[in-house]
Amino acid sequence: MSSRRNFIKKTAVVSTAIAIAPNLTFGINKSSEKLKIGMIGVGLRGTDHVNNLLLRNDVLITAICDIDPARISLNLDAIKKAGQKEPAVYDKNDYDYRNLLELKEVDAVIIATPWLWHTRMAKDAMLAGKYTGVEVSAANTMEECWDLVNTHEQTGTHMMILENVNYRRDIMAVLNMVKQNIFGELVHFRCGYQHDLRFVKFNDGKTPYGKGVEFGEKGISESKWRTQHSLLRNADVYPTHGVGPIAAMTDINRGNRFLSLTSHATKGIGLHNYIVDNGGKDHPNAKLNFKQGDVITSTIETARGETIIVTHDCNLPRPYSLGFRVQGANGLWEVDGNRIYIEGKSKPHEWDSADDWLKQYDHPLWIKYGEHAMGAGHGGMDFFVINAFVESAKQNIAPPLDAYDAAAWSAITPLSELSIENNGEPQNFPDFTRGLWLKRQPYNWIKDTY
Ligand SMILES: NC(=O)c1ccc[n+]([C@@H]2O[C@H](COP(=O)([O-])OP(=O)(O)OC[C@H]3O[C@@H](n4cnc5c(N)ncnc54)[C@H](O)[C@@H]3O)[C@@H](O)[C@H]2O)c1
């Protein structure tokens with residue numbers, strides 16, 4: 001994510017790197033037992049998933065759905081090149097995905113459409129009995145958060161929120177340190193999505209990134225739908241890249257839970273300035289009033305007495321950082337500055353470079369598959385998130401990041417909106433597990449399978 005432009009350039013290079021890697025065998029490997037996947041939405045992100053899936057020998061892509069014919073034909077080419085049978089195509093209209101869901105030849109689906117489609121599609125997929133993977137964020141409103149949980153419980157069908165940052169190498173090493181109690185009892189966290197997205201929110205309708213100040217009907221890719229959320233909502237609309245990894249470290253929904261949140265927003269000047277600088281002050285978009293504050297700060301309290309500061313900062317010039325900090329009774333890690341301090345191990349009052357610590361606690365998954373993963377996109381984490389999805393779906397078992405996680409993390413959006421609207425008034429999180437968080441066991445993260 002640090003640079004989507006670089007990322008796109010790199011994808012081709014990495015794909016080759018993985019293609020020449022030895023045959024990776026993840027569990028089931030007989031052709032008769034291949035997992036049959038239907039793709040819903042094959043824009044930029046869905047195409048990344050297709051490319052990663054095509055490198056595996058335990059899945060088949062049996063159906064693809066998108067309303068954009070250009071995306072369909074690009075992905076058909078890739079699937080054909082990989083030597084797989086031509087998948088069924090669903091491209092008639094916004095609801096053609098429902099026909100894909102009727103296919104017997106689909107065991108699992110991956111949903112990588114614009115945000116407003118996620119819950120509706122995930123709900124329909126679970127109702128159809130398809131193991132469901134949904135891109136981030138999973139839900140936009142509190143009603144949608146409950147829809148995910150209720151549909152999962154009613155149908156018994158599993159869903160996974162495809163949060164790739166949970167699988168980043170430094171995050172997994174720090175998770176390993178947390179589980180080995182290196183930081184001691186956990187107290188405080190910081191995280192967020194701090195990514196200058198001005199070149200994503202606007203384009204010229206021809207190239208996704210870097211040119212023009214159009215959006216909505218006149219834009220392409222994410223500017224077609226994402227920018228609308230900045231125009232209409234003063235909320236942290238993209239909380240999961242930050243909060244997902246922290247939630248895993250602090251056992252949210254599995255012995256702990258989010259209790260309440262307060263949020264504040266700054267004024268919003270970044271998007272307007274970008275339009276004026278790149279399209280001129282007379283461009284019609286320069287007259288728009290974007291509701292979203294440029295920096296939105298939410299503070300979450302957990303049942304175990306920790307606080308988590310979550311920042312959304314996407315409209316101003318800035319280098320990328322998810323701003324992680326993990327702090328406990330014995331010390332802390334900060335991603336900015338790449339530094340760690342552990343009392344009794346580090347020199348008193350002096351930071352250690354994080355490098356040696358992260359190497360020492362490198363996660364077993366990264367030790368085993370890191371070399372193969374490195375090119376899979378977003379520095380390797382895309383490989384692991386898809387691997388976890390495929391492995392869980394093949395066994396039809398609960399995934400590491402489930403419907404309760406999707407609901408609790410996504411709930412930050414409507415709750416931050418309410419809090420901001422009411423001058424920072426605290427908002428309570430619903431208990432999406434209906435009390436089960438007290439006895440649900442943490443997922444076993446420290447293993448080398450998925
Ligand atoms: N985890 C990550 O690192 C990461 C990175 C990028 C995007 N994403 C997420 O992935 C999702 C997709 O983002 P993107 O960048 O690919 O956007 P995109 O606009 O490039 O792709 C979305 C695709 O969905 C299709 N679509 C829209 N409505 C549809 C419908 N009713 N039926 C079928 N197809 C439909 C569009 O035609 C488009 O091809 C978003 O939720 C985004 O937040 C996640």
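Helices here are DSSP runs of H or I with at least four residues, numbered from the N terminus. The model is predicted.

**Exercise 1.** Determine which helices each supply at least two residues of the lining of the largest pocket, and which gives the most.

*Solution.*
1. The helices that pass the threshold of at least two lining residues are α1 (4-19), α2 (44-54), α5 (115-127) and α9 (226-232).
2. Of the elements that contribute, α5 gives the most, with 5 residues.

**Exercise 2.** Describe the largest pocket by volume, lining and residue classes.

*Solution.*
1. The volume of the largest pocket is about 1,200 Å³.
2. Its lining consists of 47 residues, and those nearest the centre are G43, A112, P114, S221 and W225.
3. Sorted by class, the lining holds 22 nonpolar, 12 polar and 13 charged residues. Gly counts as polar in this scheme.

**Exercise 3.** Decide how the compactness of the protein compares with that of a globular protein of its length.

*Solution.*
1. Begin with the secondary structure: the protein has 16 helices and 15 strands.
2. The radius of gyration is 21 Å, and the globule rule gives 22 Å for 450 residues; the two values are close, so the protein is as compact as a globular protein of that length.
3. Along the principal axes, the C-alpha atoms fill a box of roughly 60 × 60 × 45 Å.

**Exercise 4.** State what share of the residues is buried and what share of the accessible surface belongs to carbon and sulfur atoms.

*Solution.*
1. Taking buried as under 20% relative accessible area, buried residues make up 58% of the 450.
2. The accessible surface comes to about 18,600 Å², and carbon and sulfur atoms account for 51% of that area.

Conventions. Residues are numbered from 1 along each chain as its sequence is written. This is a predicted model: local features need pLDDT of at least 70, side-chain atom pairs count only at pLDDT 80 or more; totals for chains, interfaces and linings use all residues. Side-chain values use heavy atoms; hydrogens and water are left out. On a 1 Å grid over the protein atoms alone, a cavity is a set of points where a 1.4 Å probe fits but cannot get out, and a pocket is an open set with protein on both sides within 12 Å along at least five of seven lines; lining residues have an atom within 4 Å of a point. Grid points are joined across faces, edges and corners, and a volume is the space filled by probe spheres set on the points. The radius of gyration is taken over C-alpha atoms; the globule rule is 2.2 Å times the number of residues to the power 0.38. Buried means under 20% relative accessible area, exposed over 50%, partly exposed in between (1.4 Å probe, protein chains only). Accessible areas come from the Shrake-Rupley method with a 1.4 Å probe; for residues, only the protein chains shown count as cover.
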